[in-house]
Amino acid sequence: MLTAMTLNGIDLNLLVAFDAIRETRSISRAAAQLGLRQPAVSGALGRLRKLFGDELFVRAGGEMQPTPKALQIAPAVATALAHLRQALNPSLAFDPRGTAQTFTIASTDYTTTVLLPPFLAMMEIEAPEAKLRIVGYDKDDIGALIDRGVIDLALGVFQKPPERSVRQRLCQENFVGVARAGHPALQDGGMTLDTYLRQRHALVSIRRDAVGEIDRVLAERGLARQIVVTLPHMMALPALIASSNFVTALPGRIAAKLTQVGLVSFALPLPMPAWRIEMLWNPQARNDQANAWLRSRITAAAMQL
């Protein structure tokens, strides 16, 4: 991390050069983009390497590839520069068609699968040069990711969202049961609660525990199910369920897509509350026109559901 003393002496043009090299993956292309001569950008990279104590970019495959350190600091640098440009010229309107900005979204398997296709369809039309980076996250870390500007926004289910974030509801979802076609427990069409509890269950949990919302509802009744497999990735379930007698619970919109791979859905034999898909973002981004455009397009994608 840079100390306060180091920040006092830093040339902001170095960060501009860093962002240009990251975007173009080339010293010469970065120089052309910045209107500088190539030796000037090479010199800036040398000073950046000394400043951060890291190579930052190394030549590989004909391009300047970022090191892990460069990838770590790139989102914060890009966000800081965007905010600085907006502050210096608040009348500068964001033009999605002309932007080459990289938007970073923290997203789960579910929100990526459901919201990404309609959002990308809009982005290809409205912001064809923009780039999108999807990152996974631990819910306990989401506040820090938002505060540090590592992400532009987060998508998911947030029962205890960070107090310092803006929370916006996108849509509602419900769980349904999922099993393979021909599962013996479904031979009579449905599934009773007793039959359901006797099954072997698979659970998706990004918190690395083995307790889902269904287990909390069952516990209130003094009941429990047998969870045999716990997975961090929802999209790993279809192959597992299709080749076994495991059952699982998935969001209804995901379950509806799985009929093509030999799976069937069934109503869960206990009342389950609906849950909200939400978007979290930093309140400091209220006046960031690029972030506002991103939020509006994610909201529009959710409305299509």
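Two strands count as paired if DSSP finds at least two bridges between them. I need that for my opening lookup: Leu 155 stands opposite Met 279 in β12. A note to self before going on: this is a predicted model.

**Entry: the sheet around β12**

I started from the pair I had just looked up. β5 and β12 pair over 3 bridges, in the antiparallel sense. On its other pairing, β12 is joined to β6 by 7 bridges, and these two strands also run antiparallel. I picked out one position there and found Arg 167 opposite Leu 280 in β12.

How many residues of β12 are buried? I get 6 of the 7, so the strand is largely enclosed by the rest of the structure.

Next I went to the other pairing of β5. Strand β3 (residues 102-106) and strand β5 (residues 153-156) run parallel, with 2 bridges joining them. Ala 106 has Ala 154 in β5 as its bridge partner.

Then I wrote down the whole sheet. It is open, has 5 strands in the order β4-β3-β5-β12-β6, and its pairing is mixed. Which strands stand at the edges? They are β4 (131-135) and β6 (166-173); each has a single partner strand, so one side of each is left without a neighbour in the sheet. From one strand to the next, the twist averages 25 degrees.

I also checked what lies across these strands. Helix α6 (residues 109-126) lies across β4, β5, β6 and β12 (275-281). Its direction is about 175 degrees to β4.

**Entry: β7 and its two partners**

I moved on to strand β7 (residues 175-180). It is joined by 4 bridges to strand β10 (residues 248-251), and the two run antiparallel. I followed Val 176 across and landed on Leu 250, its bridge partner in β10.

β7 is also joined to strand β11 (residues 263-266), by 4 bridges and again antiparallel. Here I looked up Val 178, which stands opposite Ser 265 in β11.

**Entry: α2 against α3**

Helices now. The axes of helix α2 (residues 12-24) and α3 come within 8 Å and cross at roughly 125 degrees. I had to check the label: angles of 65 to 115 degrees count as roughly perpendicular, and α2 and α3 are therefore oblique to each other. I noted the crossing as right-handed.

Who meets whom? From α2 I listed Val 16, Ala 17, Ala 20, Ile 21, Glu 23 and Thr 24, and from α3 Ile 27, Arg 29, Ala 30, Gln 33 and Leu 34. Sorted by type, the residues of this contact come out as 7 nonpolar, 2 polar and 2 charged.

I then looked into the loop between α2 and α3, where Arg 25 lies. Arg 25 is not a glycine, yet has a positive phi of about 60 degrees. At 23% relative accessibility, I log Arg 25 as partly exposed.

**Entry: α3 against α4**

At what angle do α3 and α4 cross? Helix α3 (residues 27-34) and helix α4 (residues 38-52) cross at roughly 110 degrees, and their axes come within 8 Å. They are therefore roughly perpendicular to each other. α3 passes α4 in a right-handed crossing. On the α3 side I found Ile 27, Ser 28, Ala 30 and Ala 31; on the α4 side, Gln 38, Val 41, Ser 42 and Leu 45. The split in this contact is 5 nonpolar, 3 polar and no charged.

I stayed with Gln 38 for a moment, since I had it on the screen. Gln 38 lies in helix α4 and is partly exposed, with a relative accessible area of 43%. Leaving aside neighbours within four places in sequence, I find Gln 38 in contact with Ile 27, Ser 28 and Ala 31. I also checked a long reach: Gln 38 and Gln 159 are 121 residues apart in sequence, and 51 Å apart in space, C-alpha to C-alpha.

**Entry: the loop after α4**

My last lookup was Leu 56, in the loop between α4 and β1 (57-60). Is Leu 56 buried or exposed? It is buried, with a relative accessible area of 0%. Phi of Leu 56 is near 65 degrees, a positive value in a residue other than glycine.

How values were computed: Residues are numbered from 1 along each chain as its sequence is written. This is a predicted model: local features need pLDDT of at least 70, side-chain atom pairs count only at pLDDT 80 or more; totals for chains, interfaces and linings use all residues. Side-chain values use heavy atoms; hydrogens and water are left out. Axes are lines fitted to C-alpha atoms, for helices over the stretch in contact, and angles run from 0 to 180 degrees between N-to-C directions. Angles under 35 degrees count as roughly parallel, over 145 as roughly antiparallel, 65 to 115 as roughly perpendicular and the rest as oblique. A crossing is left-handed if the near helix is turned anticlockwise from the far one by less than a right angle, and right-handed if clockwise. Contact means heavy atoms within 4.5 Å. Ala, Val, Leu, Ile, Met, Phe, Trp, Tyr, Cys and Pro count as nonpolar, Asp, Glu, Lys and Arg as charged, and the others, Gly among them, as polar. Buried means under 20% relative accessible area, exposed over 50%, partly exposed in between (1.4 Å probe, protein chains only).
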